[in-house]
Amino acid sequence: MGVEGCTKCIKYMLFFFNFIFWLAGGVILGVALWLRHDPQTSNLLDLQFDGTQAPSTFYISVHILIAVGAVMMVVGFLGCYGAIQESQCLLGTFFVCLVILFACEVAAGIWGFMHKDTVSKEMINFYDSVYDKAMTQSLTDQDKKKAAASVLKVFHETLSCCGKGQGTFFLTQITDTLGVTDLCPASGQKINCHTRIQELFSDKIYLIGIAALVVAVIMIFEMIFSMVLCCGIRNSPVY
């Protein structure tokens, strides 16, 4: 015989929220793995030119998400088992883990908000440097010009875009038509790559933010319920 009355209700509510938390951890882990291996982002972030690697800030965020998702699944299982077993030790450990996770999530959220445009800006700067070298490299540097053109081609085919802006789009179209270059995608999209890069990474950053907000709300309820249940177990005459 264990806890009774309202405390018993809290016990099953905590189990339910822990199950949701465990599922959320699995979802975050799955989304992070998808972001890591998404063809669009992986094609761009694996690019190299002249010894320079494409910016990896986005991958750092994704690897953190993979770790968070795995930890959430472990902590969620710990909370479920602690609630069912009515173990003060497990519930106390679960509460401490939640506090640490919540503090890390708040810190990551603040950092992410302050640097939300960093990923797209870094990738745009990388694209601009490659574009300028592909279009202005002298005849004596044909190898570098071909390397820059091949990197640009990946950008253009992956994102269905061409050029840094409308002016450079038309310039690149003209040089392609004259046979000087072969950079714009076969689809003939009239969208500049700055816009495409911002759309690609901004959409994914917002997806990460929404997932973090949902998890934070669940964690607040879990911290409250775990403490209430722990106190209820301590005050129960059975224990």
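Tutor: Before we start, contact here means heavy atoms within 4.5 Å. Keep in mind that this is a predicted model.

Student: Okay, which residues is Asn 18 in contact with, leaving aside its neighbours within four places in sequence?

Tutor: Start with where Asn 18 sits: it's found in helix α1, residues 6-37. With the neighbours within four places in sequence left aside, the contacts of Asn 18 are Gly 76, Gly 79, Cys 80, Phe 94 and Glu 222.

Student: Is Asn 18 buried or exposed?

Tutor: The cut-off for buried is under 20% relative accessible area. Asn 18 has a relative accessible area of 0%, so it counts as buried.

Student: And which backbone oxygen does the side chain of Asn 18 reach?

Tutor: A polar contact needs a pair of N or O atoms within 3.5 Å. The side chain of Asn 18 gets there at 3.3 Å, and its partner is the backbone oxygen of Gly 79.

Student: Switching to the rings: how is the aromatic pair of Phe 221 and Phe 225 classed?

Tutor: A search of the whole structure turns up nine aromatic pairs. For Phe 221 and Phe 225, the rings are 6.2 Å centre to centre with 35° between the planes. Stacked would need planes under 30 degrees apart and edge-to-face over 60, so this pair is tilted.

Student: Which helix do Phe 221 and Phe 225 both lie in?

Tutor: They're four residues apart, about one turn of the helix. That helix, residues 193-235, is α8.

Student: Why is Phe 225 called buried but Phe 221 partly exposed?

Tutor: Buried means under 20%, and partly exposed runs from there up to 50%. Phe 225 is buried because its relative accessible area is 10%, whereas Phe 221 is partly exposed because its value is 38%.

Notes: Residues numbered from 1 in each chain as written. Predicted model: local features only at pLDDT ≥ 70, side-chain atom pairs only at ≥ 80, totals over all residues. Heavy atoms only, no water. Helix = DSSP H or I, 4+ residues; strand = E, 2+ residues; numbered from the N terminus. Buried < 20%, exposed > 50% of the residue type's maximum accessible area, 1.4 Å probe, protein only. Polar contact = N/O pair within 3.5 Å; in protein donor to acceptor, adjacent residues only side chain to side chain. Phe/Tyr/Trp six-rings, centres within 6.5 Å; stacked < 30°, edge-to-face > 60°.
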